[in-house]
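Visitor: Please take me closely through one part of this protein, the places where its ligands sit. I would like the surroundings described along with the contacts.

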Amino acid sequence: MSTETRTTCPYCGVGCGVIARVEDDGAVSVRGDPDHPANFGKLCSKGSALAETIGLEGRLLQPEMDGKPTSWDAAIARVAERFSTVIAEHGPDAVAFYVSGQLLTEDYYVANKLMKGFIGSANIDTNSRLCMASSVAGHRRAFGADTVPGTYEDLELADLVVLVGSNMAWCHPVLFQRIAAAKAARPGMTVVVIDPRRTATSDIADLHLSIHADGDVALFNGLLAHLARTGAVDENYIGAHTQGFAQALAAADLSMADLITATGLPALQIRQFFELFARTEKVVTCYSQGVNQSSVGTDKVNAIINCHLATGRIGRPGMGPFSLTGQPNAMGGREVGGLANMLAAHMAIENAEHRERVQRFWSAPRMAEKPGMKAVEMFEAVADGRIKALWIMSTNPVVSMPDADQVKAALTACPFVVVSDIERTTDTTRFAHVLLPATGWGEKSGTVTNSERRISRQRPFLPSPGEARPDWWQLQAVAQRMGFAKAFAYDSAADIFAEHAALSAFENDGERDFDIGAHADIGAEAYSELTPFQWPQRQGQLAFDRRFFADGGFFHGDGRARFVPTPSAVPQRTEADFPLVLNTGRIRDHWHTMTRTGKSARLSAHIGEPFCEIHPLDAKARGINDADLVEIAASGGGRVTVRALLTERQRRGAVFVAMHWTEETASPARINALVSPCTDPVSGQPALKHGAVSVKRAAPAAYAFAVSHQKPQPQGASYRALAKTEAGYRIELAFAQPIEDWEAWARQSLGIGTEATASGAMDRHGKRTRLAFFAGDRLVGALFVSPSPVEVSRAWIVSQLGQPQLDPVERHALLAGRPALDRPDPGALVCACFNIGANQIAGAVRAGCCSVEAVGKAVSAGTNCGSCRPEIRRIVESLQVLAAE
Ligand SMILES: Nc1nc2c(c(=O)[nH]1)N[C@H]1C(S)=C(S)[C@@H](COP(=O)(O)OP(=O)(O)OC[C@H]3O[C@@H](n4cnc5c(=O)[nH]c(N)nc54)[C@H](O)[C@@H]3O)O[C@H]1N2
Ligand SMILES: Nc1nc2c(c(=O)[nH]1)N[C@H]1C(S)=C(S)[C@@H](COP(=O)(O)OP(=O)(O)OC[C@H]3O[C@@H](n4cnc5c(=O)[nH]c(N)nc54)[C@H](O)[C@@H]3O)O[C@H]1N2
Ligand code: SF4
Ligand SMILES: [Mo]
């Protein structure tokens, strides 16, 4: 008998419903939940591969103190004692929690309650500071509350969808596919993408504006002025529901020449965009990290919202500004007030009445009276000793924070660091004095809120492994030991949810947007069966408006929205010695610091190595060729090495590097070591997309590529990048000094051992070495060394690992690094669901398939999750162009 459990994907903010099926023998498979209103059965490549990431290899299964296993009792006692002592000696602001939008709402609620009501400090901040803080600040400035007015359906109903600083095709793939499907069904629908890079998302764009870094405020200011000039504004809406239009407009007036300078866009494109926006009533503007992660992020948010308020296009079907949240529970974290400058249930920490209300509700002994430290400031305070005890939960700041080497230094200096994680070894767990094993996805129970305010259950379908415990349980155990047993006596996540729901409704007669009072009396059974719902859901009011603000009703005291004047000046990014803008972000198949997606061979096959997208002309000027290794440096010091990827999709003057690689997976490639801690003055969000760097060609003595059964521990490499494969590992390497004896090196560094036999080939000067190792007739390792980037068919070599290699032709082909002529080489992975490579897709196109659909029919690629469809389209188009030439 198999069992099926309805739960929610733990990755992005789309919040897709997942059905997890566990067979008798324990085998797990997942599929999309056809009844979930976020995805109606679809999943992207990451969601589809969830079952591959839940193995126990690498998991943290027991508490540890000072690197040694210990009991929960001892670990909890130590944490409680150290926190209590620091608070007694140095006051509550000498301790801090740094938490995450990947916690469940229930975990988050307990963390926030303990810090703000019982420890008496607001020093709890979250990785959402790096993610959503500018949107939160922009919403609060404009609406008086952190309200996302619209729903996903609006993206399908719109006649114009504007995507600003969002690579939705890779980062919110199922939502992207909903837009793509709507556009296919209704070709009149127009999509505009505003992004310095031409990304996979631009592939459905009718207009792509390759904007200068941070040119967005000027562009939307220009738009506001254009709307006013051409009579496209809604005077009635402005008059009845807003304040400050004249001031915002006065700050927005720019000449076309200024606009061109600020945005780097041609006048024609600017006009095209303005006219399109002006004449289309149903517009949704979606924005994500290209907007938020900027030193002017909050102004970007308000410049966008200003245009929607001015036209009254908000809160009606197919209209509105729409902040796309990144993490699965970014929204839930905001609802419990998990940011240092919020309180709980969308109440404000600066507001004495709100503080008093929450204190009464919690019976809290010691309320925080002022906002706490925001992430960047928090780690500075850890570094200089103001914070003496820190608890990090469900985030990996040594990789994800800006100025990441300083974060490392801060953790080294901190007298007491607690880390709760599911993995034993991350770049951050290394610094823990106490390490607490958390239950992960599939094991833990609670709720998450997606980008459209929809609350869904995450349900367990696996037993808790080892001694792992839920994050809320860990926080509660420490709270009890600190003397707060009465207020922290929850038996289950359901108890916590009920309290959270009750607080949202407490003395809330419509004054606060977040109200789920209808669930305040929820019991264990109803919680277990809770189906996805959108807030608000006030008590006694089951039918509710699904959108906010169509008829005003903003949350400022006078019920009016505020226009916010936003200065157009574009911050100077580059310096003479660091002339390139460093843009950073995500790739399709990896999640952040890869502690989970890195376990899947399929997800690691799409892009197996850190890379730097650079325009071919910028590369040429620096003597950089495709696939060279390059060194990137920043003025603050620090240096990383990554692979050059020459592409015209990248703007000149800027480079793009993904954020995912860690000390664990590649070195030196932790890009945040180069990103300065410069923040937005309103939101405190770091400008993670706009560093200043120099790029030069690295000149290693040797490049190498290897595969092996065992996990490689490479000796003497100046660069390494490791990825999982079906049968073992693949690794890219470079060496500053050549190695004398490659065979001995391989046996040691690739874990091959002495019993395997080697066969090899070397060129005349001994510079190109190729070695293959066999245990019996099976390939257990291979090494390719070259003075220039290694040119072999990686996908094919990876596929040979563990396979018998009997006949001499096969062995010869292996050493040549290419399949024999009669054997297919799949090429780099494109479709992760069916394991289809670029060469196979190109083969289908050459055989006559001239559309993504035709390729799908021929080789199945792109027909399951669809995340690779933009890449397939690119291959189809590039080959069709070649055919036409
Ligand atoms: N595959 C995958 N999906 C994810 C995640 C993941 O790790 N992997 N993480 C999730 C999380 S937490 C988040 S926050 C979201 C992020 O989702 P997105 O924000 O869509 O992703 P990013 O790649 O960070 O950045 C988006 C784009 O901003 C552009 N950009 C940079 N500077 C500017 C600028 O000045 N103006 C404009 N207009 N654009 C600019 C970049 O070129 C980039 O293409 O993704 C979520 N989904
Ligand atoms: N340069 C650059 N830097 C960035 C960004 C960027 O675009 N560019 N984006 C920023 C953004 S938007 C974000 S959201 C952050 C993300 O950055 P992080 O939050 O640091 O990244 P994750 O890899 O998601 O870290 C989650 C950690 O929690 C662990 N974990 C997983 N599940 C659980 C659980 O249930 N309980 C506990 N206790 N632990 C768990 C994982 O093993 C992992 O170590 O990165 C930010 N940093
Ligand atoms: S779009 Fe993909 S990563 Fe995001 S929630 Fe859905 S399945 Fe998960
Ligand atoms: Mo994020």
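Guide: What follows describes the two ligand sites, then the domains around them and a few backbone details. The model is a predicted one.

The protein is divided into domain 1 (3-53), domain 2 (78-130 + 329-534), domain 3 (133-323), domain 4 (580-697), domain 5 (702-816) and domain 6 (829-884). Domain 3 and domain 4 both contribute residues to the shell around ligand 1, so ligand 1 lies between them.

That shell holds 36 residues, and the closest to ligand 1 are D195, D216, S288, R586 and H590. By type, the shell of ligand 1 splits into eleven nonpolar, 16 polar and nine charged residues. Three polar contacts can be picked out here. The side chain of S288 places an N or O atom 2.7 Å from an oxygen atom of ligand 1. The side chain of N583 has an N or O atom 2.8 Å from an oxygen atom of ligand 1. With N167 the backbone is involved: one of its N or O atoms is 2.7 Å from an oxygen atom of ligand 1. Ligand 1 on its own would expose 910 Å², and the protein buries 100% of that. As for secondary structure, α6 (168-171), α13 (289-292) and β21 (580-585) are the elements that give two or more residues to this shell.

Ligand 2 has its own set of neighbours. The residues surrounding ligand 2 number 31, with S400, D421, K444, T593 and N672 the closest. Its shell is made up of seven nonpolar, 18 polar and six charged residues. Domain 2 and domain 4 each supply at least three residues to the shell around ligand 2. Domain 4 therefore has a part in the surroundings of ligand 1 as well, since it gives residues to that shell too.

The polar contacts of ligand 2 include three made by side chains. T593 has a side-chain N or O atom 2.6 Å from an oxygen atom of ligand 2. For N127, the separation between a side-chain N or O atom and an oxygen atom of ligand 2 is 2.7 Å. A polar side-chain atom of T395 is 3.0 Å from an oxygen atom of ligand 2. Taken alone, ligand 2 exposes 920 Å², of which the protein buries 99%.

Domain 2 and domain 3, which appear in the account of the two sites, also meet each other. Their C-alpha centres are 33 Å apart. The contact involves 17 residues of domain 2 and 16 residues of domain 3. The size of an interface is often expressed as the accessible area lost when the parts come together. Between domain 2 and domain 3 about 1,300 Å² is buried, with 45% of it on carbon and sulfur atoms. On the domain 2 side, R334, S451 and E452 supply 37% of the area buried against domain 3, more than any other three residues.

Some backbone details remain. Most peptide bonds are trans, and most residues other than glycine have a negative phi. The bond joining W535 and P536 is cis, with omega about 5°; P536 is in the loop between β19 (533-534) and β20 (561-562). A cis peptide bond also runs from S667 to P668, with omega near -10°, and P668 sits in the loop between β26 (666-667) and β27 (691-697). F40, which is not a glycine, has a positive phi of about 45°. The loop that holds F40 is between β3 (28-32) and α1 (45-48).

Note on methods. Residues numbered from 1 in each chain as written. Chains lettered and ligands numbered in written order. Predicted model: local features only at pLDDT ≥ 70, side-chain atom pairs only at ≥ 80, totals over all residues. Heavy atoms only, no water. Near = heavy atom within 4 Å. Polar contact = N/O pair within 3.5 Å; in protein donor to acceptor, adjacent residues only side chain to side chain. Areas by Shrake-Rupley, 256 points an atom, 1.4 Å probe, with all protein chains shown as cover. Nonpolar A, V, L, I, M, F, W, Y, C, P; charged D, E, K, R; others polar. Domains from an automatic or database assignment. Helix = DSSP H or I, 4+ residues; strand = E, 2+ residues; numbered from the N terminus. Contact = heavy atoms within 4.5 Å. Buried area = accessible area lost by both parts, 1.4 Å probe.
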